[in-house]
Structure formats: structure tokens, C-alpha cells
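Please open the model in a viewer and keep the selection panel at hand. The tour below proceeds from one selection to the next.

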Amino acid sequence: MNPYQPIPAEVVEIIAESPTITTYRFIPEQPIPFLTGQFVELTVPGVGEAPFTPSSDPAVADQMEISIMHVGKLTQHLRDKTEVGDMVGIRGPYGQGYPLDEFAGREILIVGGGVGLAPLRSLIYALLGEIERFKAVKIKFGARTPGDIIYKAEVEDWLNSDELELELTVDSDEDYPDWEGNVGVVTTIMDDPDLEIDSGVAVACGPPIMMKFATQKFLSMGYSPEQIYLSMEKNMSCGIGKCGHCGIGPYYVCKDGPVMTYDMLEKYSEVFE
Amino acid sequence: MKNYRLTAEQINKLIGARADRSRVLVPVQSEERVELEELDENYDAARAVDFFRPFDPLKSLVLSPFEKVAEFPHSSQTPDPAEVTLYGVKACSVNHLRLLDEIMLDEEIADSFYQARREKLFIISCDCQIVEDTCFCTEVGLAPHPTTGNFDLNIAHIEGEYLLTVGSERGGLFLEEIGLDLAEAGPETEQQLEEQRQRIAEEVAEKNQEFEIEEDIHRSVRSNRDAEVYREKAEDCVECGGCNLVCSSCYCFYLADRPEDQTSFSRFRLWDSCQFNAYARVAGDESPRPLLMQRIRHRIAHKFDYLEESMGFYGCVGCGRCISACPAGIDIRSLLAGVKQ
């Protein structure tokens, strides 16, 4: 088997989520089953390849959704040039996802920021799929402004759900007079979560700076490094632990991550860079 | 492992027999250095036993510097390399295969291109006779003779005669096939070999005394991440990446796609260097190691801390190629000496 050969996949839907984030729905030529939190390498023909974590329900294997923030060459090409019907390439899935078996029976605190809600949506689908296995699920999510909150329909559902608890915050509501929620970074809504800390787990996914402060907050709340699950972003190129690019200490994020516990990472200064 | 006595003539016969079966690459002494070249009919294989190690890193034969690895939408890339016999390489070159195998032949997902070439590589290594100023295998826990396997046959030159060691089943089968009628070496000759190996290893160690490298490099690299030496060397380094490219143990590569038309492309694998700022760059041009000092430290930490932790051995075989290649005169041993506390 050639590990560098992508599977062709057709773009079947393009959904604008926010001014900077778009969701693409793909149908690959053959199903690509994945575990929530694992990532894939997405190729835009002629432009290159980059790692993304699917944002769709892992129970669905014949389709995949990936939500993409347009910040680099490849993602800007996707925004400007890619249309429904175009073909892309997908390799994977790779790495370690969220260990749901280890989460079972425990109270889960999930903290997300910005495009970090993309992998977390997949996790939330997976949790909701077997919600009776988990003692409690509380989600704290932050965005830059109310307009930057993605997945508006799902977020509305989750806000009204009895099965989990979701709280939102925005860094600024300046141009949004209707916003009634919290204003401030996500760590400002993490106090008093009314959760069992000792037996619980804490999950963070978002920009590096948010993950850094969320991790500090988790630690101050009493979570130990082994209870903190971070979704790491590095320059994963080969995806299979060979090319060297995504190294953190003795680990390769593509193989040992992207979901990693903080005790694996805490002694390496580059973790949140 | 069995040792046999071997004459100069038999060495040439043996290499000739390899040429009947495969492509053969041999060390050739050029004006400046020893290089690997195709075997030609006037080649004296016995004389080459004593040559210094070839400059070419052996990795280039198994992990090609530049190769097509996929085509889109559909690929016909199935590696089917010809068998290659590699003659006259030294222990340092052979030792690095231990690391490459560990990375590339990973049980979960093997690199099929590496795997195909590795299976077709027949290695006839030779004990070191010449110790150059750049040699430091003994400082990284290795020796100037095979200690970690990974060879099929090995030849040592001791006082007018040659000793052949069989290192693999394949090597043994080949010997049987060609019927050289070899006599087994007695305990006295083996004792002689042992003494010679010890003498040459001591010579390497003596040449490196001035650097005063700590025995537990892993510990010093790990505990002294803020060593001043990283800043000092960053002043001299010109970021050419030469140290990575000639390094036997560096295996990093990147994948680059070349468009063929609007919807198809070819994917190439190219060697990469962790000394380049773009190496670890993520979306939006952020780099976790923007300073050259951090990248030099990463190279050292990866080789002597991280790989030691994940593999149980260093990502450095002490071959000294990076020392010869560096245009700024940076000697990796002075980096290792500099992290000593």
C-alpha cells in the first residue's frame, strides 16, 4: 500500500459558517471511517496538502465534513477557487483521537475557541451518539464576535439540549447590540463549572494562545496534567510519523496525537508556540 | 557469528559474484574523498577494505533524495527497485539503518518505497582501518566495527590476511552459493581481531579527548536546554541545511505536489532540513521555532534526547559527515561539549 496516495473525493456542498470559516462536505470514492479527533490530509490538486480534523459525525463514513479557516495559501485557494463538483484528495485518517472509552462514566468539560469548534463538533456528535455512557458534558465556547460563532443551527440545538450544557462567550459584542451572552475570553466562563474535577476530564481545542490559557485554568481548577486532553496543531506533512515535521519532544503529533494529554507535553517549551 | 579467513583474491571473487547478481556500488578514492561508484572490471576490492568511509550517506540508497511517490487522481507508483550490493561501507553507515528501519518500517504503516529498497540492499561492510579527525563513533556509544547488526557480510583486515564475518542468513546463503571454500578462523585469529578492534576504537576515543564530551549526552542535552553554545553557534550558522542532508541519520522529508493540469498532479518526496525556518511552519506562517538558535537546539535535542527517549538510542552515529560539510566550521562535538554542565 502506498501511504502517500490520496483517495479522490468530490466536493458536494460548501457552507459559509462565518466570515472566515467555511465547511466543505466531501464524498470520497471509498468510505473513510475515522474516530473523532483523528485527522486527515486534504489535498487541493496542484496546490498541496494540509492536515485537518473532520468536523462531521464519525458514525458517518461515506461522507466527511471539514470546516476550514482561510488563513493560508491552501485554504485561501479553497475559498477562492474550489466549487461544488470539484475533486480533492484525502489521505487518512491518522493519529489518536479522543479516547471515548476513557471518558466513559466521567464528567467532561470541553473548552473551545474559534475554529476549534470544528473538531469539537465531531466530538459532540460522538458523545451525543451514546450520551448515556457519560456522566455529564459541559461545553464552554468562545468566539471573537457573535458573527464568528459557527454551526449556528447546531449551537442553537445544543443550547436547548437536556443532554449537555453549552455556554457561549465572545471577545467583543461591539457591533452586535442583540448579544445577551457573556463578553470576555473563554477562561472567564470557566469558573464554578459545578463538575467533579477529581474524576473528570478536561478537553481543549482552539488557537494555541487559547489552549495555553485554558490549560493553565484547568490546572488551577484542580485537573491534573493526565486529565487534560489537548488537540494539537503542528505541521503534519506525511501523517504517518516519518517525515519529522510535527515533532514535539519524543512525540510526533501525527502519530502520538493530535489528541494528547498535557502530561506528555508540559516539559516542552514549544507546545503552545 | 562465524568468521572465515579470506585472501585478497577471494575478496575480488566475492565482489565479482555479487556483480553477477546485482548492481554493485563500491568505494573509490578520489582526490578529495572516498565516494561510492559503480563497480568496474579493473576494481581492486581487496585494496578498498582499508579505505576511509565513503562520503555519500547510505540513506540516499533507501530514502531517495527526490522521488515521485504518488499521482492524482490515480497512481501507478509501485516501487520495484533492482537489487543493490553496497561494498566497503563502515560501521557508522551501517549503524544508522537501525534508526531508519525503526522509523520507516513501523508496524502500523510502513513507507513502501523505503521498504522495497531496503529489502533489495545487500551490505558488505568493512572494519575501519583509518581514523580521521572527524570520526567520533565512540563518543556516541558505537564503535568503528559492526556492533548493531544490519550487515550481510563484514570484512576486516588484520596483518596480511582478511577475516569474513557472516551477519545475516542471506549473507550465509550467498557464501554457500558461490562455494569459495573458506577456512574457519581459529580462536587465535579472532583474538587478534578483537585486539585490533579495541586498538582502533581507542584511537577514535583519543582523537576526541580534547572535546571532553560527557558520557551521558542524553542527560546533558536534556538538562541544559538553555546552554549558551546554541546561541554561539547560531551566530556562525548560515542555515544551508548541509548538516542534515549529509547526515546518515537525518530522515526528514517533505511532500510537494507539482500540478500536471487543472485536476491532476504528481507528488514528490524531497529531503528536508530542520534548520530551515519553513520546516515546522503551520497555517498562517506561524513557526514554533522562529529563532535559528531554537532550530539548532532542536536538531541536537532530537538526536540526543527525543530519539534516545523514543527509540533507546541516539540519532547520531558519529560519522562526522556534518563536520566535513559545514561551511561555517561548526563541529557537532563542540555543541555536545557546550551543553555539558
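Two strands are taken to pair if DSSP finds at least two bridges between them. The model is a predicted one, and the tour begins with a sheet in chain A.

**The sheet of chain A**

Select β10, β9, β8, β7, β11, β12 and β15 of chain A, which in that order form an open sheet of seven strands with mixed pairing. At its edges are β10 (182-183) and β15 (259-261) of chain A, each of which pairs on one side only. Strands of a sheet pair through backbone hydrogen bonds, in either a parallel or an antiparallel manner. Now restrict the view to β11 (residues 201-205) and β12 (residues 228-231) of chain A: the two run parallel and are joined by three bridges. Within this pair, A:Ala204 stands opposite A:Leu230.

**Helices across the sheet**

Add helix α3 (residues 117-129) of chain A, which lies across β7 (107-113), β8 (136-143) and β11 of chain A. Its direction makes an angle of about 155 degrees with β7(A). Next add helix α5 (residues 208-221) of chain A; this helix lies across β7, β11 and β12 of chain A and runs at about 165 degrees to β11(A).

**Nonpolar cores**

Which residues have the most contacts inside the largest nonpolar core? They are A:Phe218, B:Leu14, B:Tyr87, B:Ile155, B:Tyr230 and B:Phe304, in a core of 132 residues. Helix α10 (residues 292-311) of chain B supplies the largest share of this core, eight residues. Another core, of 34 residues, lies apart from it and includes A:Ala118, A:Leu120, A:Trp179 and A:Cys205.

Centre the view on A:Phe218. Leaving aside neighbours within four places in sequence, the contacts of A:Phe218 include A:Leu109, A:Val111, A:Met190, A:Ala202 and A:Ile228.

**Between the chains**

Show both chains together. Contacts link 45 residues of chain B with 41 residues of chain A. The two chains bury about 3,400 Å² between them, 54% of it on carbon and sulfur atoms. Highlight B:Phe72, B:Ile109 and B:Arg267, the residues of chain B that lose the most area to chain A; together they account for 16% of what that side buries.

**Helix α4 of chain B**

Move to α4 (residues 112-119) of chain B, where B:Ser112, B:Phe113, B:Tyr114, B:Ala116 and B:Arg118 are buried. These buried residues pack against β4 (66-72), α3 (91-104), β6 (121-126) and β10 (265-271) of chain B. At the N-terminal end of α4(B), B:Asp111 acts as a cap, with a side-chain oxygen 3.0 Å from the backbone nitrogen of B:Phe113.

**A buried arginine**

Select B:Arg18 in helix α1 (residues 8-21) of chain B. Is B:Arg18 buried or exposed? B:Arg18 counts as buried because its relative accessibility is 3%, and the cut-off for buried is under 20%. Beyond neighbours within four places in sequence, B:Arg18 is in contact with B:Val24, B:Glu83, B:Thr85, B:Phe122, B:Ile124 and B:Phe174.

**Backbone details**

In chain A, inspect the cis peptide bond from A:Gly92 to A:Pro93, with omega near 0 degrees; A:Pro93 lies in strand β6 (residues 87-94) of chain A. A cis peptide bond also joins A:Gly257 and A:Pro258, with omega about 5 degrees. A:Pro258 is in the loop between α6 (253-256) and β15 of chain A.

Finally, select B:Asn150, a non-glycine residue with a positive phi of about 70 degrees. B:Asn150 lies in the loop between β6 and β7 (153-158) of chain B.

Key: Residues are numbered from 1 along each chain as its sequence is written. Chains are lettered from A and ligands numbered from 1 in the order in which they are written. This is a predicted model: local features need pLDDT of at least 70, side-chain atom pairs count only at pLDDT 80 or more; totals for chains, interfaces and linings use all residues. Side-chain values use heavy atoms; hydrogens and water are left out. Buried means under 20% relative accessible area, exposed over 50%, partly exposed in between (1.4 Å probe, protein chains only). Helices (H or I, at least four residues) and strands (E, at least two) are DSSP runs, numbered from the N terminus. Contact means heavy atoms within 4.5 Å. A polar contact is a pair of N or O atoms within 3.5 Å; within protein, one must be able to donate a hydrogen and the other to accept it, and residues adjacent in sequence count only if both atoms are side-chain atoms. Axes are lines fitted to C-alpha atoms, for helices over the stretch in contact, and angles run from 0 to 180 degrees between N-to-C directions. A nonpolar core is a set of buried Ala, Val, Leu, Ile, Met, Phe, Trp, Tyr and Cys residues joined through side-chain atoms within 4.5 Å. Buried area is the accessible area (1.4 Å probe) that two parts lose on being put together, summed over both.
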